[in-house]
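Student: I've got a new model open and would like to go through it with you. Could we start with the overall fold and work inwards?

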Amino acid sequence: MILTDTREQKNQHILDWLDKKHIPHKTKALSNGDYSFYVPANPDLNIDRDLFFDKEIMVERKGSLEELSGNFSQQRARFEEEMATYPGIKYLLVENANYQDIITGNYDTKFSAKAYLASLHTFNHRYGLQMMFMPDPQYSGYFLYGVFTYFLKQKLR
């Protein structure tokens, strides 16, 4: 069951993809990140209670480079605290962009490409942030499902 944070906005494309693929999802307040997952209780499989993984893995989604730029500049302290306090695996999903867009300045903010790249790589190394650029957001649901499915498969080994 994919969990979507209650504060997540403009994600109908993800919810539509999950619905189309018959992947269950629900909205829940998450302390970190925009997405995580849980395995619902299933007595037939000897799973006596819901198994939540929101403290072990999360995906933080940004809809654009402009949104991420705001997190690195105006809201840096809050964003940095969220990354620093989360104990699990952290993914950053940046939609409607690719790495080249940062290098070439193909975004609409005053954040310089040099400062943008410095912040991006600093967060990557400092907080173990795994980055995924998704130029076409129609594949974001697929990405989320893959991240969580293969995380669970590794846990079960």
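Tutor: Sure. Keep in mind that this is a predicted model.

Student: What pattern of helices and strands does the protein chain follow along the sequence?

Tutor: Start with the tally: the protein chain has six helices and seven strands. Now read them off in sequence order. The pattern is β-α-β-β-β-β-α-α-β-α-α-β-α.

Student: And how compact is the protein chain for its 157 residues?

Tutor: The C-alpha atoms fill a box of roughly 55 × 30 × 30 Å along the principal axes. The globule rule gives 15 Å for 157 residues, and the radius of gyration is close to that, so the chain is as compact as a globular protein of that length. The radius of gyration itself is 16 Å.

Student: What share of the contacts between residues at least 6 apart join residues at least 24 apart?

Tutor: As background, buried residues account for 45% of the 157 residues. For the contacts, take the ones between residues at least 6 apart in sequence and ask how many span at least 24. That share is 70%.

Student: Pockets next. Which strand gives the most residues to the lining of the largest pocket?

Tutor: That pocket holds about 470 Å³ of space, and 21 residues line it, with Arg7, Glu8, Asp34, Lys62 and Glu67 nearest its centre. Strand S5 (57-62), helix H2 (65-72) and helix H3 (76-85) each supply at least two lining residues. The top contributor, with three residues, is S5.

Student: How many residues of that largest pocket's lining are charged?

Tutor: Sort the lining by class. One residue is nonpolar and eight are polar. The charged ones number twelve.

Student: Which element supplies the largest share of the lining of the second largest pocket?

Tutor: This pocket has a volume of about 190 Å³, and its lining includes Met1, Ile23, Phe37, Tyr145 and Leu152. Two elements give two or more residues each, strand S3 (35-39) and helix H6 (140-156). The largest share, four residues, comes from H6.

Student: How many residues in the lining of the second largest pocket are nonpolar?

Tutor: Go by class again. None of these lining residues is charged, and one is polar. The nonpolar count is eleven.

Student: I see plenty of rings. Is the pair Phe37 and Phe53 stacked or edge-to-face?

Tutor: The structure holds 17 aromatic pairs. In this one the ring centres are 4.7 Å apart and the planes sit at 10 degrees, so the pair is stacked. Phe37 lies in strand S3 and Phe53 in the loop between strand S4 (51-52) and S5, 16 residues apart. Both Phe37 and Phe53 are buried, and the type of the pair is stacked.

Student: What about the rings of Phe53 and Phe151?

Tutor: These two are 98 residues apart, with Phe53 in the loop between S4 and S5 and Phe151 in helix H6. Phe151 is buried, with a relative accessible area of 12%, while the value for Phe53 is 9%. The centres lie 6.1 Å apart and the planes are at 75 degrees, so the pair is edge-to-face.

Student: Last one: which residues does Asn106 contact, leaving aside neighbours within four places in sequence?

Tutor: Asn106 sits in the loop between helix H4 (99-103) and helix H5 (113-127). Its C-alpha is 9.9 Å from that of Glu66, 40 residues away along the chain. With those neighbours set aside, the contacts of Asn106 are Leu65 and Asp101.

Key: Residues are numbered from 1 along each chain as its sequence is written. This is a predicted model: local features need pLDDT of at least 70, side-chain atom pairs count only at pLDDT 80 or more; totals for chains, interfaces and linings use all residues. Side-chain values use heavy atoms; hydrogens and water are left out. On a 1 Å grid over the protein atoms alone, a cavity is a set of points where a 1.4 Å probe fits but cannot get out, and a pocket is an open set with protein on both sides within 12 Å along at least five of seven lines; lining residues have an atom within 4 Å of a point. Grid points are joined across faces, edges and corners, and a volume is the space filled by probe spheres set on the points. Ala, Val, Leu, Ile, Met, Phe, Trp, Tyr, Cys and Pro count as nonpolar, Asp, Glu, Lys and Arg as charged, and the others, Gly among them, as polar. Contact means heavy atoms within 4.5 Å. Rings of Phe, Tyr and Trp (its six-membered ring) pair if their centres lie within 6.5 Å; planes under 30 degrees apart count as stacked, over 60 as edge-to-face and the rest as tilted. Buried means under 20% relative accessible area, exposed over 50%, partly exposed in between (1.4 Å probe, protein chains only). The radius of gyration is taken over C-alpha atoms; the globule rule is 2.2 Å times the number of residues to the power 0.38.
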